[in-house]
Amino acid sequence: MSSPDEPNQPTGAADEPVIPAAHPYRAALEAERQGWYELVRLVGLLNEDERLTPGYYRDPAWAVRDVVGHLGTWMAQAEVMLEQLAAGTYEGHDVDIDGLNAQFLEAMRGQPWNVAWVQATAGRSKMLEQWYDLAMPSEEAAWGIRKSGAEHYAEHLDRLQEWAQELVARREPEG
């Protein structure tokens, strides 16, 4: 697993199990892995100060740390949901997404980069643990996977690419 200071190596590549060919979410798991690796690559282009620079979003002001924290909190949310599905205790996804987004952002506001990074990688690890254990597809699981996996990454990766390029372009030329 990569460290928060060196996120340019995909986390968990050696640790992630091989996805069985018959897994009901094989394609979604592979798409999640590719999206995660792209996120890791983009974050790895930046130094810690750049990861804390607001501008990814302007209202509210988000930095890369906030995007990573946002994705990580949704992955943690998915882990809980998938665990409840497996236990038969999940009561449905009638969720106030905007409300949760605001709650998650506030919970992560002001955290140092390394806290946001560790939270995201831990959230992903726990989410994947539950996801790999899913034996049967369901509409509820598919919703959680869309909200926390590759489709959610895709909502953020284009803007993250633009913002990372802008931040790198601001650097002073090396002597």
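This passage looks at the nonpolar core, the aromatic contacts and one kinked helix of a predicted model. Residues are numbered from 1 along each chain as its sequence is written, and side-chain values use heavy atoms, with hydrogens and water left out. Local features need pLDDT of at least 70 and side-chain atom pairs count only at pLDDT 80 or more, while totals for chains, interfaces and linings use all residues.

A good place to start is the core. The largest nonpolar core holds 40 residues, and Trp-36, Val-64 and Trp-131 have the most contacts inside it. Such a core is a set of buried Ala, Val, Leu, Ile, Met, Phe, Trp, Tyr and Cys residues joined through side-chain atoms within 4.5 Å; buried means under 20% relative accessible area, exposed over 50%, and partly exposed in between, with a 1.4 Å probe and protein chains only. Two or more residues come from each of helix 1 (26-44), helix 3 (64-87), helix 5 (113-132), helix 6 (139-148) and helix 7, where helices are DSSP runs of H or I with at least four residues, numbered from the N terminus. Helix 3 gives the largest share, 8 residues. Leaving aside residues up to four places away in sequence, Trp-131 touches His-23, Tyr-25, Ala-28, Leu-29, Glu-32, Leu-82 and Ile-145 (contact: heavy atoms within 4.5 Å).

The aromatic rings add a second layer to the picture. Across the whole structure there are 7 aromatic pairs; rings of Phe, Tyr and Trp (its six-membered ring) pair if their centres lie within 6.5 Å, and planes under 30 degrees apart count as stacked, over 60 as edge-to-face and the rest as tilted. Trp-36 and Trp-117 are stacked, because their ring centres lie 5.7 Å apart with planes at 20°. This pair links helix 1 to helix 5 across 81 residues. Trp-36 counts as buried at 0% relative accessibility, and Trp-117 is buried at 1%. Tyr-56 and Trp-62 are also stacked, with centres 6.1 Å apart and planes at 15°, and both residues are buried. One aromatic cluster is formed by Trp-36, Trp-113, Trp-117 and Tyr-153.

Tyr-56 has a charged partner too: the charged end of Arg-159 sits over its ring, 5.9 Å from the centre (NZ of Lys or CZ of Arg within 6 Å of the ring centre and within 35 degrees of the ring normal). Lys-147 likewise places its charged end over the ring of Trp-74, 4.6 Å from the centre.

Finally, helix 7 has a kink of about 35° centred on His-156, the bend being the angle between axes fitted to the seven residues ending there and the seven starting there. Buried residues of helix 7 include Tyr-153, His-156 and Trp-163.
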